[in-house]
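Visitor: Could you take me through this model by question and answer, going from single residues to the whole chain?

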Amino acid sequence: MDWVAVIVSIIPFVGVLLAVGFYTLLERKILAIIMIRKGPSKVSYMGILQPFSDAGKLLCKEFIVPTRANVGPFILAPALMLAISLLGWLLYPYKSAEVFYVFGVILFMVITSVSVYGVMMSGWASNSKYSLLGAVRAMAQSISYEIPMGFIFFCVVLCSGVSMFQEISVFQQSLFFFFLPLCVVMLVWMLCMLAETNRAPFDFVEGESELVSGYNVEYSGGGFAVMFIAEYSSILLSSVMSAAMFFGGNEALVGFLMMVFAIFFVVVRASLPRLRYDKLMNLCWTVLLCVMLTASVCVVVLVGV
């Protein structure tokens, strides 16, 4: 076995886990600034090591399995969610890599679609009404918002002529960003990403005011930590793909814009209240779907001309 190759392949995933930890710190700092409070500041200098403290605390706690839970799926669900979330990082638009995914756009859609199975498994296996309601909401929400997301990918692929994220990014190096002609499409994309990652104001899957904590209400210790990491990893991946699809260019620009999109998720959480669930579905089926159908027709006409 080539140990060097194994270590090199593991390093990016370790980087993602570290990025998730410090992203949670960044989120708490920004929320503290917006809400005019202190935020994490006790662990080391300005709270820099707070993520490691939180991770250590959660992993040292007991992992409790409810008496009436389905033990196998209950334990497997967090691992499945984390594995699917990390799998998406294989699509990171490196300019030089050993493996390129020619149909990366389709693979990204597959990964976002499959990610709901971990939520479904955890909600069902917990044998709790709150968990099951959160899982059902997650499935309905994810399936609904994947339809306008498919039209968004259709528009981007039609404009670039390729479905590989690296080439979509390279196509925009001449400062012709897809954001300019597809600004409405990008707005819909951001709404879809908020819904797909279960972030405020679309965080009905784990609505504290209604479902206590949603699909993860029965999880504690390491299981809850793994679910938390999977959720935030998906947010960072969505930020990367947003930067690559609509701005592209060199990797430094993609990295900078990824941070901008990641901060956007936090600011939205601090600024907007949670909607009603029926309004979320109405927004998807009566507004976003119609907007994307119209935008797709316009893109087909413009590209054909």
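Visitor: Where in the chain is the place of Gly 39, and is Gly 39 buried or exposed, or partly exposed?
Guide: This is a predicted model, in which local features need pLDDT of at least 70 and side-chain atom pairs count only at pLDDT 80 or more, while totals for chains, interfaces and linings use all residues. Residues are numbered from 1 along each chain as its sequence is written, and side-chain values use heavy atoms, with hydrogens and water left out. Gly 39 sits in the loop between α1 and α2, where helices are DSSP runs of H or I of at least four residues, strands are runs of E of at least two, and both are numbered from the N terminus. Its relative accessibility is 26%, and with buried meaning under 20% relative accessible area, exposed over 50% and the class in between named accordingly (1.4 Å probe, protein chains only), Gly 39 counts as partly exposed.

Visitor: How are the buried residues of helix α2 arranged around its axis, and which helices do they pack against?
Guide: In α2, which covers residues 50-60, the buried residues are Gln 50, Pro 51 and Leu 58. Seen down the helix axis they fall within an arc of 100 degrees, so they line one face of α2, the arc being that of the directions from the helix axis to the C-beta atoms. The face turned away from this buried side carries the exposed residues Leu 59 and Cys 60. With contact meaning heavy atoms within 4.5 Å, the buried residues of α2 pack against α1 (3-34) and α9 (221-246).

Visitor: Which residues is Ser 85 in contact with, leaving aside its neighbours within four places in sequence?
Guide: Ser 85 lies in helix α3, residues 71-87, and its relative accessibility of 6% places it among the buried residues. Once the neighbours within four places in sequence are left aside, the contacts of Ser 85 are Ala 230, Ser 233, Ser 234 and Leu 237.

Visitor: What does Met 190 contact beyond four places in sequence?
Guide: Met 190 belongs to helix α7, residues 183-196, and is buried, with a relative accessible area of 7%. Its C-alpha atom is 15 Å from that of Cys 155, which is 35 residues away in sequence. Leaving aside neighbours within four places, Met 190 is in contact with Ser 242, Phe 261, Phe 264 and Phe 265.

Visitor: Which residues does Ala 243 touch, not counting those up to four places away in sequence?
Guide: Ala 243 is in helix α9 and is buried, with a relative accessible area of 0%. Between Ala 243 and Gly 255, twelve residues apart in sequence, the C-alpha separation is 7.9 Å. Not counting residues up to four places away, Ala 243 touches Gly 248, Val 254, Leu 257, Met 258 and Phe 261.

Visitor: What is the radius of gyration of the protein?
Guide: The protein has eleven helices and zero strands. Its compactness is as that of a globular protein of its length, because the globule rule gives 19 Å for 305 residues and the computed value is close to this; the rule is 2.2 Å times the number of residues to the power 0.38, and the radius is taken over C-alpha atoms. The radius of gyration is 20 Å.

Visitor: How many of the 305 residues, as a percentage, count as buried?
Guide: Of the contacts in the protein with a separation of 6 or more, 78% come from residues 24 or more positions apart. The share of the 305 residues that count as buried is 45%.
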